[in-house]
Amino acid sequence: MTSTRSLNPAIFAALASLAVLTLLQEGVVPRLTIQGARPDLVLLAVIDWGLIRGVEEAMLWGFIGGIFVDVFSGLPFGTSSTAYVAVAGMVSLGETALMRTHVLLPVVAAVVGTVIY
């Protein structure tokens with residue numbers, strides 16, 4: 001008996017969403033800086049996805065998003081992927097039912113994730 005594996009549709013959503021976010025992050029967001037600070041759209045997407053769908057999918061999004069960002073950055077290949085996956089692992093701290101329903105969790109996760117990144 002052979003088993004067939006099918007691709008999860010979430011991988012296609014991750015590829016498309018993260019490609020668009022990376023293009024926006026590298027093309028449009030640098031013009032939106034406020035005193036040298038600019039949002040990292042891919043990082044925010046990884047954190048939000050981790051809060052909504054769990055750490056496993058957030059790590060997948062972090063890895064894929066990191067590859068896209070590494071294509072545009074001058075850093076060694078894999079640097080952004082490693083950082084985004086580490087932040088996705090941090091998001092697992094907010095996965096308990098009590099913390100997931102707290103209003104400030106996304107804000108706190110974004111601030112802590114930015115510091116870790």
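The exercises below concern a predicted model, and each is followed by a worked solution.

Local features require pLDDT of at least 70, side-chain atom pairs count only at pLDDT 80 or more, and totals for chains, interfaces and linings use all residues. Residues are numbered from 1 along each chain as its sequence is written, and side-chain values use heavy atoms, with hydrogens and water left out.

**Exercise 1. The nonpolar core**

Task: Identify which residues touch the most other members of the largest nonpolar core, and state which helix gives the largest share.

Solution:
1. A nonpolar core is a set of buried Ala, Val, Leu, Ile, Met, Phe, Trp, Tyr and Cys residues joined through side-chain atoms within 4.5 Å. Buried means under 20% relative accessible area, exposed over 50%, and partly exposed in between (1.4 Å probe, protein chains only).
2. The largest core has 19 residues, and Leu18, Val42, Ile47 and Leu51 touch the most other members.
3. Two or more residues each come from helix 1 (9-27), helix 2 (41-53), helix 3 (55-72), helix 4 (79-91) and helix 6 (105-116). Helices are DSSP runs (H or I, at least four residues), numbered from the N terminus.
4. Helix 2 gives the largest share, six residues.

**Exercise 2. Helix 2 and valine 42**

Task: Compare the span of helix 2 with its expected value, and describe the surroundings of valine 42.

Solution:
1. The expected span is 1.5 Å times one less than the number of residues. For the 13 residues of helix 2 this gives 18 Å, and the distance from first to last C-alpha is close to it, at 18 Å.
2. Val42, Leu43, Ala45, Val46, Ile47, Gly50 and Leu51 are the buried residues of this helix.
3. Valine 42 lies in helix 2 and is buried because its relative accessible area is 0%.
4. Leaving aside neighbours within four places in sequence, valine 42 is in contact (heavy atoms within 4.5 Å) with Leu18, Leu21, Thr22, Gln25, Gly65, Val69 and Tyr84.
5. Glycine 54 follows helix 2 and has a positive phi, near 110°.

**Exercise 3. Serine 80 in helix 4**

Task: Decide whether serine 80 is buried or exposed, and list its contacts beyond four places in sequence.

Solution:
1. Serine 80 is placed in helix 4. The end C-alpha atoms of this helix are 19 Å apart, which agrees with the 18 Å that its 13 residues should span.
2. Serine 80 has 3% relative accessibility and therefore counts as buried.
3. Its contacts, beyond neighbours within four places in sequence, are Gly66, Val69, Asp70 and Tyr117.

**Exercise 4. The salt bridge**

Task: Find the residues that form a salt bridge and classify the exposure of arginine 53 and glutamate 57.

Solution:
1. A salt bridge is a side-chain nitrogen of Lys or Arg within 4 Å of a carboxyl oxygen of Asp or Glu. By this rule the count is one.
2. The side chains of arginine 53 and glutamate 57 meet in a salt bridge, at 3.1 Å from N to O.
3. Arginine 53 is partly exposed because its relative accessibility is 46%, whereas glutamate 57, at 18% relative accessible area, is buried.

**Exercise 5. An unusual phi**

Task: Locate glutamine 35 and state its phi.

Solution:
1. Glutamine 35 lies in the loop between helix 1 and helix 2.
2. Most residues other than glycine have a negative phi.
3. Although not a glycine, glutamine 35 has a positive phi of about 55°.
4. A relative accessible area of 84% makes glutamine 35 exposed.
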